[in-house]
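User: I have a structure on the bench screen and want to know what lies behind the terms used for it. Please take me through them.

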Amino acid sequence: MTERSGQAGDGAGGSVPTTPVCYRHPGRETYIRCTRCDRPICPECMREASVGHQCPECVNEGRRGVRPARTAFGGGAAGRHGYVTKTLIALNVLVMLLSIASARSGTAVAGGSGLGGLLGSSTPLTDWGAVLGYASYVNFGPVHGVAAGEWYRLVIAMFLHYGLVHLLLNMWALWVLGRTLEAVLGPLRFLALYLIAGLGGNVAVYLFSAPNHPAVGASTAIFGLFAAIFVIMRRLGRDTSAIVPILVINLIFTFTVPGISIAGHLGGLVTGAVMALVLAYAPRMRRTVFQAAGGAIILVALLGLVVVRTAMLTG
């Protein structure tokens, strides 16, 4: 009897040739293999690679092994989308709307005494959240202010404004400066810079302004961003000639226009510059640890100044 090679479907002995099928879709024949794991893959599972194609599992495994992109100062690359800047602007606008609603008066938008009546008047919300050292209500009511334990004012005040003009000026500056700094520093570092600069400005108001003189506005943080962008651009070796005139104009504006908190602007400027130095000049090795420690030291120093000032006002 003559023997012959078996074929698929017959019962004869011998090797039966098989057609490779996709390991993820067993019903699909394929002759393409993953260049990484050598498993057969169908066109639906093929992923372009530098050489040939890879399967989805190998692509995902490769992504886990790739370090995420970082900025020059260690921040996340997501900062180029400006999410933190947009969120801060939205938060300021929301608080402005709440402030207007609390007043139930058109003077909350404009018609106050500042800038020839362009600024708005105070509202119940600004009265509640403004930086205020030590004061009492009319007719010798309860004592209130930061010295009376209302430390929240040092943070809340940087999100409050006297009218739409006040808000728009600060939000325009935040939009211009914030997107650039967030892209360079990354979202978390930029947020830390903004909040610490704003806090530093409000602490300066508490230290150097009259105890019964309220102050609100995001300009404490904005002036910190002005200082920071100068420091950061210098660290990157970029031209800063366009920044200096704008900063000088804002400083002239600060010292010449009545009703503006000089202490708040200068305090934010100095605090923002110090925080930017920490972020920009942290050593490459253990950069994140150094930046976090530097920010913590600044924060503790500011809180220490608040404690000292409170003791002076209440002692």
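Analyst: From the N terminus on, the order of elements is β-β-α-α-α-β-β-α-α-α-α-α-α-α, which comes to 10 helices and four strands. This is a predicted model, in which local features need pLDDT of at least 70, side-chain atom pairs count only at pLDDT 80 or more, and totals for chains, interfaces and linings use all residues. Residues are numbered from 1 along each chain as its sequence is written, and side-chain values use heavy atoms, without hydrogens and water.

User: What makes a run of residues a helix or a strand here?

Analyst: Both are DSSP runs, numbered from the N terminus: H or I over at least four residues for a helix, E over at least two for a strand. Residues 289-312 are 100% helix and 0% strand, with end C-alpha atoms 35 Å apart.

User: Which residues does UniProt call "transmembrane region"?

Analyst: The unreviewed entry gives that annotation to several spans, including 190-209 and 289-312. Such annotations may be inferred rather than shown by experiment; positions are in the numbering used here, and feature names are shortened. In the model, residues 190-209 are 95% helix and 0% strand.

User: What makes the lining of the second largest pocket mainly nonpolar or mainly polar?

Analyst: Ala, Val, Leu, Ile, Met, Phe, Trp, Tyr, Cys and Pro count as nonpolar, Asp, Glu, Lys and Arg as charged, and the others, Gly among them, as polar. The lining has 11 nonpolar, three polar and one charged residues, so it is mainly nonpolar. Lining residues have an atom within 4 Å of a point of the pocket, an open set on a 1 Å grid over the protein atoms alone where a 1.4 Å probe fits, with protein on both sides within 12 Å along at least five of seven lines. Helix 6 gives the most, with six residues.
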